[in-house]
Amino acid sequence: MSKYNKFLWIMVGVLVVVMVVQFVITANRKPPYEQIAYQAEYIFTYSTPVVINDSVKLYYPNSNDLQKALDEYNKLSPQDKFKSYQQMFDNLSKSTKLSLVPISYDSTAIVLNPNTLQFTEHSVVDGIVTVKGSNYYVSMGKVGMKLDKNSVVTFEFPQDSKIISVNPTPTTISNSSLTWEGPMDLSFPEVVFTR
């Protein structure tokens, strides 16, 4: 083996070590923010697309980290954001064997104060609901969510709908809405409803 080939193998070994160290540091490092609130609202109708509105508030102890996050967010075009959202659902579809298809997506970022950033999203996704006869089945497979303190997930159904079954049990049931409040580990709720 020539000196040049030995040098290349040494360089490859060094690069792999650097990547592993970088991965370990990144994996063990806490994010530069704390989630202080999360709300998600899923609006169901008598069709398969679902409207999803969600909002997350993040507290950054260092306002420079907030500014970096905002700058990175603002670099992305609406098309890039939609592609990222689409990719997330493509990966979710592969792991759940469901066909989850984003139809539209829009998001905004607002600085609430020097240390708090709020992201809001509005999207329409097809595939969360399937129809069998007169029943509508809500499911995203075995997807888990960690709801921290001040986290809420709400499912809104048509006023005239009847809930046949729901799992897991909601924190509150009110007319045509089901709510799960954190802190809790939540499997994405499975609901059957009808007219």
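**Entry 1: strands E10 and E11**

I began with strand E10 in this predicted model. E10 pairs with strand E11 (residues 177-181) in the antiparallel sense, over 3 bridges. I looked up one position in this pairing and found Thr172 opposite Thr179 in E11.

**Entry 2: the sheet of 7 strands**

I then asked in which order the strands of the open sheet of 7 strands stand. I recorded the order E3-E4-E2-E1-E8-E11-E10, and I noted that the pairing is mixed. Why is one side of E3 and of E10 left without a neighbour in the sheet? Strand E3 (101-113) and strand E10 (172-174) stand at the edges, and each has a single partner strand, so one side of each has no neighbour there. On average, neighbouring strands of this sheet are turned by 15° against each other, with direction ignored.

**Entry 3: pairings within that sheet**

I followed the pairings of E8 next. Strand E8 (residues 151-156) and E11 pair in the antiparallel sense over 5 bridges. Here I noted that Phe155 has Leu178 in E11 as its bridge partner. E8 is also joined to E1 by 6 bridges, and these two strands run parallel. Two positions in E1 and E8 were looked up: Gln39 has Val152 in E8 as its bridge partner, and Tyr38 stands opposite Ser151 in E8.

How many bridges link E1 and E2? I found 9 bridges, with the two strands paired in the antiparallel sense. E1 and E2 form a hairpin, and 6 residues lie between them. Within this pairing, Ala40 stands opposite Asp54 in E2.

**Entry 4: helices on the sheet**

I turned to the helices that meet the sheet of 7 strands. Helix H2 (residues 63-75) packs on this sheet and touches E3 and E4. The direction of H2 makes about 145° with that of E3. Helix H3 (residues 78-96) lies across strand E2 (50-59), E3 and E4. I recorded that H3 runs at about 120° to E3.

**Entry 5: Thr116**

I selected Thr116, which is in strand E4 (residues 116-126). Is Thr116 buried or exposed? Its relative accessible area is 7%, and residues under 20% count as buried, so Thr116 is buried. I then looked up the contacts of Thr116, leaving aside neighbours within four places in sequence. Thr116 is in contact with Ile36, Lys57, Leu58, Tyr59, Leu66, Ile110 and Val111.

**Entry 6: the largest pocket**

I looked up the largest pocket and noted about 630 Å³ of space in it. Of the 24 residues that line this pocket, those closest to its centre are Asp54, Tyr85, Met88, Phe89 and Glu121. Asp54 had already appeared in Entry 3, opposite Ala40.

Which elements give two or more residues to the lining? They are strand E1 (34-43), E2, H3, E3 and E4. The largest share of the lining comes from H3, with 6 residues. I also recorded the lining by class: 17 residues are nonpolar, 4 are polar and 3 are charged.

**Entry 7: the sheet of 4 strands**

I looked next at an open sheet of 4 strands, which has the order E5-E6-E13-E9 and antiparallel pairing. Its edge strands are strand E5 (129-132) and strand E9 (162-167), each of which pairs on one side only. The twist in this sheet averages 20° from one strand to the next. E5 is joined to strand E6 (residues 135-138) by 4 bridges, and the two run antiparallel. Lys132 stands opposite Asn135 in E6.

**Entry 8: Pro183**

Where is Pro183 placed? I found Pro183 in the loop between E11 and strand E12 (184-187). Its relative accessibility is 64%, and exposed means over 50%, so Pro183 counts as exposed. Not counting residues up to four places away in sequence, Pro183 touches Leu147, Asp148 and Lys149. I compared two separations for Pro183 and Leu147: they are 36 residues apart in sequence and 5.1 Å apart in space, C-alpha to C-alpha.

**Entry 9: the chain as a whole**

I closed with the totals. The protein chain has 3 helices and 13 strands. Of its 195 residues, 33% are buried. I also looked up the contacts between residues at least 6 apart in sequence, and 65% of these join residues at least 24 apart.

Methods: Residues are numbered from 1 along each chain as its sequence is written. This is a predicted model: local features need pLDDT of at least 70, side-chain atom pairs count only at pLDDT 80 or more; totals for chains, interfaces and linings use all residues. Side-chain values use heavy atoms; hydrogens and water are left out. Buried means under 20% relative accessible area, exposed over 50%, partly exposed in between (1.4 Å probe, protein chains only). Contact means heavy atoms within 4.5 Å. Two strands pair if DSSP finds at least two bridges between them. Axes are lines fitted to C-alpha atoms, for helices over the stretch in contact, and angles run from 0 to 180 degrees between N-to-C directions. On a 1 Å grid over the protein atoms alone, a cavity is a set of points where a 1.4 Å probe fits but cannot get out, and a pocket is an open set with protein on both sides within 12 Å along at least five of seven lines; lining residues have an atom within 4 Å of a point. Grid points are joined across faces, edges and corners, and a volume is the space filled by probe spheres set on the points. Ala, Val, Leu, Ile, Met, Phe, Trp, Tyr, Cys and Pro count as nonpolar, Asp, Glu, Lys and Arg as charged, and the others, Gly among them, as polar.
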